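Visitor: I am new to this structure and would be grateful for a close look at one part of it. Could you please take domain 2 and describe what it contains and what lies around it?

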Amino acid sequence: MTLRLGTRRSLMATTQSQMVADAYTARTGRAVELVGVTTFGDVSKAHLAQLGGTGVFVSALRDKLMEGEIDFAVHSLKDLPTKQDPRVTLAAIPARHDHRDALVGRLRFADLAPGARVGTGSPRRVAMLRAMRPDLEYVPIRGNADTRIGKVTSGELDAVVLASAGLTRISRTSEIAQIFEVEELMPAPGQGALAVECLSDRDDLIDFLAVLDDPRTRSAVTAEREVLAALEAGCSAPVGAFAHDDGQTLNLTALVVALDGRRAVRKSTAGSPSEAVSLARTLADEMISEGADRLMGEHSH
Ligand SMILES: NCc1[nH]cc(CCC(=O)O)c1CC(=O)O
């Protein structure tokens with residue numbers, strides 16, 4: 001029996017879904033077919049923040065799971081709301097690809113002229129980039145990666161910032177001028193990782209999908225997402241987090257920046273990967289006591 005994998009229709013989404021389908025077939029011998037799903041986030045021209053964040057991409061695929069039209073779905077993990085929907089199970093988190101953000105354009109970030117126009121719709125990226133270069137103009141943009149890159153090609157913008165993993169998936173790495181290290185631009189929690197989801201009552205399937213899981217990626221992104229949840233921040237908050245599990249130790253760093261880029265709270269911790277959730281909660285509590293929640297609240301609308 002062929003399994004049906006639901007995916008958004010963008011090139012990035014279908015590419016990452018096909019990667020998961022191929023990995024699944026290689027490991028289990030079972031055939032997988034992709035089922036394209038059009039989500040409201042893909043058709044609406046409204047600014048994503050006004051739609052309640054990127055959760056709109058996720059809920060359309062979950063609807064198809066509930067309707068029985070697909071057996072499992074692949075999402076970009078960073079698009080998943082931190083509050084888990086009990087009807088679905090995160091059956092696998094495959095090994096993460098590049099977690100970093102990339103600058104697409106002709107010049108490196110430090111070489112951009114004062115007043116240069118940099119496109120990004122993410123408050124996190126704007127706040128952190130503004131901290132480094134308050135002299136640049138940050139222009140809100142949305143649309144798929146292809147549309148965004150097109151604004152650089154056309155000269156409307158001098159650069160755009162996109163996730164490196166996504167650019168790799170759509171084979172656009174040759175247009176990258178610079179990849180930001182975590183110390184410069186803290187990635188979104190879960191960036192570069194994928195989430196494989198199915199209905200919670202599909203015990204038959206959950207056990208099979210588990211072959212795709214990478215435990216070290218799972219502990220890292222669990223910690224990153226728990227920081228976001230404990231800060232009670234949404235996907236549009238200026239919050240970055242990055243964790244790495246080397247198999248013995250989980251290192252976690254999180255950063256909250258005021259939207260004007262002028263103040264920030266950054267904290268790091270380390271511990272056992274099995275303690276990912278409590279490590280992250282403790283770190284978030286410390287950040288709140290240092291004023292992280294006030295930084296997020298300021299200038300947010
Ligand atoms: N918010 C949209 C989104 N969700 C996941 C990715 C990139 C791929 C990834 O992080 O896995 C992107 C585009 C971007 O931020 O450049």
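Guide: The following account describes domain 2, beginning with its place in the protein and ending with one of its loops.

The model is predicted. The domain assignment divides the protein into domain 1 (3-94 + 193-213), domain 2 (101-179) and domain 3 (226-297).

Within domain 2, one may begin with the sheet. Five strands form an open sheet with mixed pairing, and their order is β7-β6-β8-β5-β9. The edges are formed by β7 (137-139) and β9 (176-179), each of which pairs on one side only. On average, and with direction ignored, neighbouring strands of this sheet are turned by 30 degrees against each other. At the β7 edge, β6 (residues 117-119) pairs with β7 in the parallel sense, over three bridges. In this pair, Gly 119 stands opposite Val 139 of β7.

Helices accompany these strands. Helix α4 (residues 123-132) lies across β5 (101-105), β6, β7 and β8, and runs at about 170 degrees to β7. Helix α5 (residues 145-153) also packs on the sheet, where it touches β5, β6 and β8. The direction of α5 makes about 155 degrees with that of β8.

Strand β8 leads to the ligand. The shell around the ligand has 10 residues, and the closest are Ser 76, Leu 162, Ala 163, Gly 166 and Gln 191. Two or more residues of this shell come from each of β8 (159-163) and α6 (164-169). By class, three residues of the shell are nonpolar, five are polar and two are charged. Why is the ligand said to lie between domain 1 and domain 2? Both domains give residues to the shell, so the ligand lies between them.

Domain 2 also touches domain 3. The centres of these two domains, taken over C-alpha atoms, are separated by 24 Å. Eight residues of domain 2 are in contact with 11 residues of domain 3. On the domain 2 side of this contact, six residues are nonpolar, none is polar and two are charged.

A last detail is found in the loop between α6 and β9, where Ser 171 lies. The phi of Ser 171 is near 60 degrees, a positive value in a residue other than glycine. Most residues other than glycine have a negative phi. Is Ser 171 buried or exposed? Ser 171 has 9 other C-beta atoms within 10 Å, and a residue with 12 or fewer counts as exposed, so Ser 171 is exposed.

Methods
Residues numbered from 1 in each chain as written. Predicted model: local features only at pLDDT ≥ 70, side-chain atom pairs only at ≥ 80, totals over all residues. Near = placed C-beta within 6 Å. Helix = DSSP H or I, 4+ residues; strand = E, 2+ residues; numbered from the N terminus. Nonpolar A, V, L, I, M, F, W, Y, C, P; charged D, E, K, R; others polar. Domains from an automatic or database assignment. Contact = placed C-beta atoms within 7 Å. Pairing = 2+ DSSP bridges. Axes fitted to C-alpha atoms, helices over the stretch in contact; angles between N-to-C directions. Buried ≥ 20, exposed ≤ 12 C-beta atoms within 10 Å, placed from the backbone.
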